[in-house]
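Let's take a stroll through a protein fold and see how its pieces sit against each other. Have the sequence and the 3D view open while you read.

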Amino acid sequence: MFEGIEFVNKEFFWLFLLLPLVILWYVLKNQKQTAELKMSSLKGFKVTNSWLPKLKHSLFVLRLLALALLITALARPQTVDVSSRTKTTRGIDIVMAIDVSGSMRAEDLRPNRLEALKRVAAEFIKDRPNDRIGLVEYAAEAYTKTPITSDKAIVLRSLSDINFNNVLGDGTAIGTGLGTSVNRLKDSKAKGKVIILLTDGVNNSGFIDPKIASELAAEYDIKVYTIGLGTNGMAMYPAMTRTGDIQRIRVQVEIDEELLKEIADATGGKYFRATNNTKLAEIYDEINKLEKTEIEEFKFYNYEEKFRPLVLLAGLLLLLELLGRFTIFRSFV
């Protein structure tokens with residue numbers, strides 16, 4: 001009955017404790033008003049069974065119900081309809097620089113490094129509905145897969161299309177990948193600019209020094225989070241034999257962690273090491289928490305008072321009591 005209804009003045013419900021006292025008062029008063037006449041015989045009187053004396057107490061019931069309704073009305077029942085509207089006050093532009101060199105085929109992450117990254121990155125993109133995101137691929141060279149855009153469907157589709165790219169050559173050009181990402185963000189008007197640079201190797205290609213690229217990022221107030229991807233020690237890697245068959249061999253994992261730390265430190269970012277799928281997911285989750293977009297939320301409250309029907313019903317019950325008292329029963333309660 002009261003689902004969705006709130007009572008503003010709940011303290012008035014304490015008045016219900018007075019109702020038992022009112023009932024007690026009525027019982028005692030009714031006993032005192034009942035006259036007694038003792039007679040030796042009723043043979044000379046005609047006995048009639050009238051229902052009016054039995055219904056006399058219904059007047060008190062009407063008054064009692066009216067009091068209960070008035071107490072409930074004093075508690076001020078109301079319904080609240082809440083609507084909200086959000087406004088993004090601070091957007092962040094993010095470029096995800098993804099290593100697509102051949103070493104990303106290694107299977108120390110399941111099913112391999114690149115596919116594991118794509119799954120985690122997709123969830124990260126979905127969790128940033130108010131930001132613009134772009135994608136950069138790099139191996140021996142780099143290019144922009146997707147310019148920064150607020151259309152997450154385009155970004156997710158481009159991410160799913162990323163694969164091992166022979167066109168970019170075999171190698172890992174960390175400086176070139178970072179420089180290309182900086183170029184995508186340097187003219188951005190966003191208050192927050194972030195690059196997430198992921199690699200599983202060392203800088204062995206390209207014409208841009210990673211340290212110079214990090215200095216450029218710092219000059220444009222771009223924060224760089226670096227991720228070294230790969231387990232410690234050895235990793236299984238699918239290699240093609242001379243006969244064209246695929247053979248899995250163990251290769252040494254080489255990640256220039258010192259370089260990645262220097263890039264992160266120079267730009268105010270942070271370096272992470274992902275040695276398995278769970279750790280990789282945790283890293284992106286942490287970056288997601290570190291780079292929050294400020295959102296202003298406006299709430300609108302629509303109050304609808306519900307006490308008026310209770311007061312009207314209480315008045316109707318009191319009116320019925322008065323009519324009954326001065327018409328049918330003609331007596332005071």
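At roughly what angle do the axes of helix 3 and helix 10 cross? One thing before we answer: you're looking at a predicted model, not an experimental one.

**Helix 3 and helix 10**

Helix 3 covers residues 57–74 and helix 10 covers residues 307–329; their axes cross at roughly 160° and come within 8 Å. Since an angle over 145 degrees counts as roughly antiparallel, helix 3 is roughly antiparallel to helix 10. The crossing of helix 3 past helix 10 is left-handed. On the helix 3 side, the contact includes Leu59, Leu62, Leu65, Leu69 and Leu70, along with Arg63 and Thr72. Helix 10 brings in, among others, Phe307, Leu310, Leu317, Glu321, Arg325 and Phe329. Sort this contact by class and you get 16 nonpolar, two polar and three charged residues.

Just past that helix there's a little oddity to look up. Arg76 sits in the loop between helix 3 and strand 2 (77–90). Arg76 isn't a glycine, and yet its phi is positive, at about 60°.

**Helix 4 and its partners**

Now hop over to helix 4, residues 113–126, and look at how it meets helix 9, residues 277–290. Their axes come within 10 Å and cross at roughly 25°. An angle under 35 degrees counts as roughly parallel, so that's what helix 4 and helix 9 are. This time the crossing is right-handed. From helix 4, the residues making the contact are Ala116, Leu117, Val120 and Phe124, while helix 9 offers Asn277, Leu280, Ala281, Tyr284, Ile287 and Asn288. Eight of the contact residues are nonpolar and two are polar, with no charged ones.

Helix 4 also has helix 5 (residues 152–161) for company: their axes come within 10 Å and cross at roughly 175°. That angle makes helix 4 roughly antiparallel to helix 5. Lys118, Ala121, Ala122, Ile125 and Lys126 of helix 4 touch Lys152, Val155, Leu156, Leu159 and Ser160 of helix 5. This contact has six nonpolar residues, one polar and three charged.

Here are the three pairs side by side:

| Helix pair | Axes come within | Crossing angle |
|---|---|---|
| Helix 3 and helix 10 | 8 Å | roughly 160° |
| Helix 4 and helix 9 | 10 Å | roughly 25° |
| Helix 4 and helix 5 | 10 Å | roughly 175° |

What about the stretch before helix 4? The loop between strand 3 (92–99) and helix 4 holds Pro111. The peptide bond from Arg110 to Pro111 is cis, and its omega is near -5°.

**The largest pocket**

Which residues lie nearest the centre of the largest pocket? They are Ser103, Asp200, Gly201, Gln252 and Glu254, out of 17 that line the pocket. The space inside comes to about 300 Å³. As for the character of the lining, eight residues are polar, five are nonpolar and four are charged.

Key: Residues numbered from 1 in each chain as written. Predicted model: local features only at pLDDT ≥ 70, side-chain atom pairs only at ≥ 80, totals over all residues. Heavy atoms only, no water. Axes fitted to C-alpha atoms, helices over the stretch in contact; angles between N-to-C directions. Helix = DSSP H or I, 4+ residues; strand = E, 2+ residues; numbered from the N terminus. Parallel < 35°, antiparallel > 145°, perpendicular 65-115°, else oblique. Left-handed = near helix turned anticlockwise from the far one by under 90°. Contact = heavy atoms within 4.5 Å. Nonpolar A, V, L, I, M, F, W, Y, C, P; charged D, E, K, R; others polar. 1 Å grid on protein atoms, 1.4 Å probe; cavity = no way out; pocket = protein on both sides within 12 Å on 5 of 7 lines; lining within 4 Å. Points joined across faces, edges and corners; volume = space filled by probe spheres on them.
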